[in-house]
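Dear colleague,

I am handing over the structure below, together with some notes on what was found in it. Please look through the sequence and the model first, and then read on.

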Amino acid sequence: MLEQLSIDHPSYLRKDASESTVMAPPTNPNPADSSAKQSLEAGLAALKQQDYPTAIALLESVTQTAANQPSGIRAQMGLVAAYKATGNVKKAIALCSSLAKTPNSQVKTWADRALTELTPPPPPKPPENKPKSAETPPETGFVAFDAGTKSPKKTIGGDRPTADKKTGFLPLEPAVEPGNAKSQPISPPPPPPTDQTSEPENSTETAPDTAEISGENSSGSPTDIPGVASPDTYQLTWRQAGRTAKSPRPLKPLKLLEFRVEAVASAIALFFLARFILQFLLTNTNSLLVQLYIFTRLPIFAPIQLFYRDPTPFVQMVFGLLLASSPWLIDALLKLFCGIETLRGSVLSKHSKEASRVMRSYCTKQNMPVPVLKLLPLNVPVAFSYGCLPRFARIAVSRGLLEQLTDDEIATIFARELGHISHWDFAPMSLALLVIQIPYLIYWQVAHWQERLCDLMTIEFLRSAVKFVAAAISATSYGIYKLLRWPMLWVSRRRVYFSDRTAAEITGNPNGLTRALSKIAIGIADNIEQQKQTSFFLESFDLLLPVGVGQAVSLGSAALHAPLEQILLWDVSNRERNWLTVNRAHPLLGERLKLLALYAQFWQLETELDLANAGVPEQPKKGKLSLVKSILEFKDSKLFLQGAPFFGIPMSLAIVGVLWLIGGIFSRTSIWQLDWLWGDRSIIWGCLPIGFSIGTLMRINYFFPDIIPRETASPSLPEILSNPESLPLDAEPVRLEGQLLGRSGMSNWLGQDLILQTATGLVRLHYVSRFGYIGSLWPFLFKETTRPSDLIGTSVVATGWLRRGATVAIDLESLRSQGGRVSDSGHPIWSAILAFAAAIWGAYIIIQGPR
């Protein structure tokens, strides 16, 4: 990675309309432009070969003929490097000053940074009295910490800096003066040469890395200037924005009482939902046994009398035991499946001395014991807290997090987890995690062991019977796991905002937390690419992770191909975004990073990302009819059509009111044939599914437009993420090529983990068999032999409808492999079937009448 005057593509800027106008290539190139381009490439090639006189002559000729064109600006950038290498620093400074006045914000930022590097620092002031030790942190209590105590990045087992095999991230150690150390940018793969890490940051005697000045990537292909970087040439860098040097101004106190009441209410809702599911399963199991007993007259199928009892006391006991023993039960789970071990304080101090100080200082201030530290031997960067009481709390971090994040970034993540513990939200979330682990472990282990069991069987009938039963149990358990997550989603999103804010207050470093969360998202996406699937650990522990796995899949992979502001624009500016996160365990990452940028602005800090002023909400309309206008505008909005199936349910109550009114009127007349409508409750229950049916049919044509092959787009992932106005209703027919990732075998028969790895990132795929879930589990019943899971690991072409909501996904129409195997999906068919089934059900309820 270039450490002097690097032409990189900063991740904290995005290409706006004005920049694209200035930096866009000409549409009608003339011979003069072609000559300038040839001279530019020749000059950059000479610069790369360190033939500075030739490079200067060629690049100066380009600046004279195309000064304000993209080629001219690139030539000026190259001249800065050439002048600096030949010792002509004055000319380099003059040229940088000229570039700093360009309207392109990225070029201006590059020029400002180059001026900083070219201008020698002022001589240090003589010390007054006794100089303060560089190792002494500022006298600010536990709020902010000195970046100068950053320890070298090390692996768990040694002191040698290494590049992580999963992400290619190489922790760099700049040779800077003590007390003024700064964490270096993390570069995406391929990792930079390790010998560059020893060069001082402000050196003016060594030549710059001309590979980046010349605009060539690792493959030797030329790159463009900042502002017009393609996904193939973009380089992720960090601004390394600072932190508070003293105690920051306090923020408004959090309303924790209301939040804790919500957490308790969510846990109670989880209890009643778990009780209902258990009772439903027990009752229907006995009903099935009764039918089998009547058919076979075998005593083995006699109904189980215990299943007829009220399960409430049993569920109460289980919830109590899970909550009380949550620290040790989660320890046992992680030990069994991940090999978790104790994280010693000395090991943590090697990676982050600041994190150790944060733990001690904050726990002392809050009068609570220091949590037990656990280490996950995983390369994916994750961290979470769990337990039932603060004295039994644990904070688990992965090896990947310690190796891929810098000193101050690790400290912000530990501060987040301390916030969860001090807010007491870690206890109900630990309970919820254990509750949902029960069906998830059944899904996972049944799918795993049926394969081994079938391999030992030689009789085909027995193998088919085992697969049939195992598929039913595994699929049902996965559905229950998804359902049990719902009561805790609201609290899960709310607690993330509180912990982010607490971490910013504890460390005074919102910019460090911004980098940490971004790197965690990138690390999760990279782990999925390396493992070729979403690990069971990531999915089952998603509720507790700092960044949601669903968001990290696309955002984390696209962050290596486009500026973060560009791909997070939807998160901060889409007007309907809050409605589209109701089924997510984490708030939008862009919204979180925007809040951190606002904290930095409040403390008068430079922001790591330019998100603080993005997506400013419109001022509410004033006037007496503003509410009526809002309702009418909502009725005509895309969001209304997007949620039509659900909005149709309350709207059906208006139909019920009209029918009741008709019945009430006729009940007072001699026309008695319609007086039964008055007060008939079956009409209420019947109209609810009918309203859902009408809403589904209203949006089905918008949701699934015709796919015409010649008009089907193939956008890159950054292009998909960059549209701030798109909604899931804006279903764009797309055709994307890539490798299909996901789990193999029965654990993916329903398409639980289908991811398309494209050249510019990862995109999730949604699949529904043309014959529904039965066709997914037992395709042989319908002579449908190809599931998407059968194509895992192969190159495929995915055709379907692109949906941009809180996450990015494609509703598949078909999945075609290079070998000609095709897996067809049936989303439109099953949407129509669901609508008609709901209408028939509602009509049946009304016909049956009150009981």
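In which helix is Thr514 found? Before the answer, please keep in mind that this is a predicted model. Thr514 is found in helix 18, which covers residues 510–531. With a relative accessible area of 3%, Thr514 is buried, because buried means under 20% relative accessible area. When residues up to four places away in sequence are not counted, Thr514 touches Leu593, Leu596, Glu608 and Leu609.

The surface offers another view. Ile438, Ile442, Phe468, Val469 and Ile473 form a nonpolar patch there, and together they have about 410 Å² of accessible area. The elements that give two or more residues to this patch are helix 15, at 426–456, and helix 16, at 460–485, and helix 16 gives the most, with 3 residues. Phe468 has its place in helix 16, and at 39% relative accessibility Phe468 counts as partly exposed, because that value lies between the limits of 20% for buried and 50% for exposed.

Next come the strands. An open sheet is built from 4 strands in the order 1-2-4-3, and its pairing is mixed. Strand 1 (341–342) and strand 3 (383–386) stand at the edges of this sheet, and each has a single partner strand, so one side of each is left without a neighbour in the sheet. Strand 3 pairs with strand 4, residues 394–398, in the antiparallel sense over 4 bridges, and within this pairing Tyr386 has Arg394 in strand 4 as its bridge partner. Helix 10, made of residues 326–337, packs on the sheet and touches strand 2 (372–376), strand 3 and strand 4, while the direction of helix 10 makes about 140° with that of strand 3.

Further along the chain, which strands pair with strand 5? Strand 5, residues 732–742, pairs with strand 8, residues 795–804, in the antiparallel sense over 8 bridges, and the bridge partner of Leu736 in strand 8 is Ala798. Strand 5 is also joined by 4 bridges to strand 6, residues 754–758, and these two strands run antiparallel; here Leu741 stands opposite Ile755 in strand 6. When you look at such strands, it may help to recall that in a regular strand the side chains alternate between the two faces of the sheet.

With kind regards

Note on methods:
Residues are numbered from 1 along each chain as its sequence is written. This is a predicted model: local features need pLDDT of at least 70, side-chain atom pairs count only at pLDDT 80 or more; totals for chains, interfaces and linings use all residues. Side-chain values use heavy atoms; hydrogens and water are left out. Patches are made of residues with over 30% relative accessible area and no salt bridge: like charges are joined within 9 Å, nonpolar side chains (Val, Leu, Ile, Met, Phe, Trp, Tyr) within 5 Å. Accessible areas come from the Shrake-Rupley method with a 1.4 Å probe; for residues, only the protein chains shown count as cover. A salt bridge is a side-chain nitrogen of Lys or Arg within 4 Å of a carboxyl oxygen of Asp or Glu. Buried means under 20% relative accessible area, exposed over 50%, partly exposed in between (1.4 Å probe, protein chains only). Two strands pair if DSSP finds at least two bridges between them. Contact means heavy atoms within 4.5 Å. Axes are lines fitted to C-alpha atoms, for helices over the stretch in contact, and angles run from 0 to 180 degrees between N-to-C directions.
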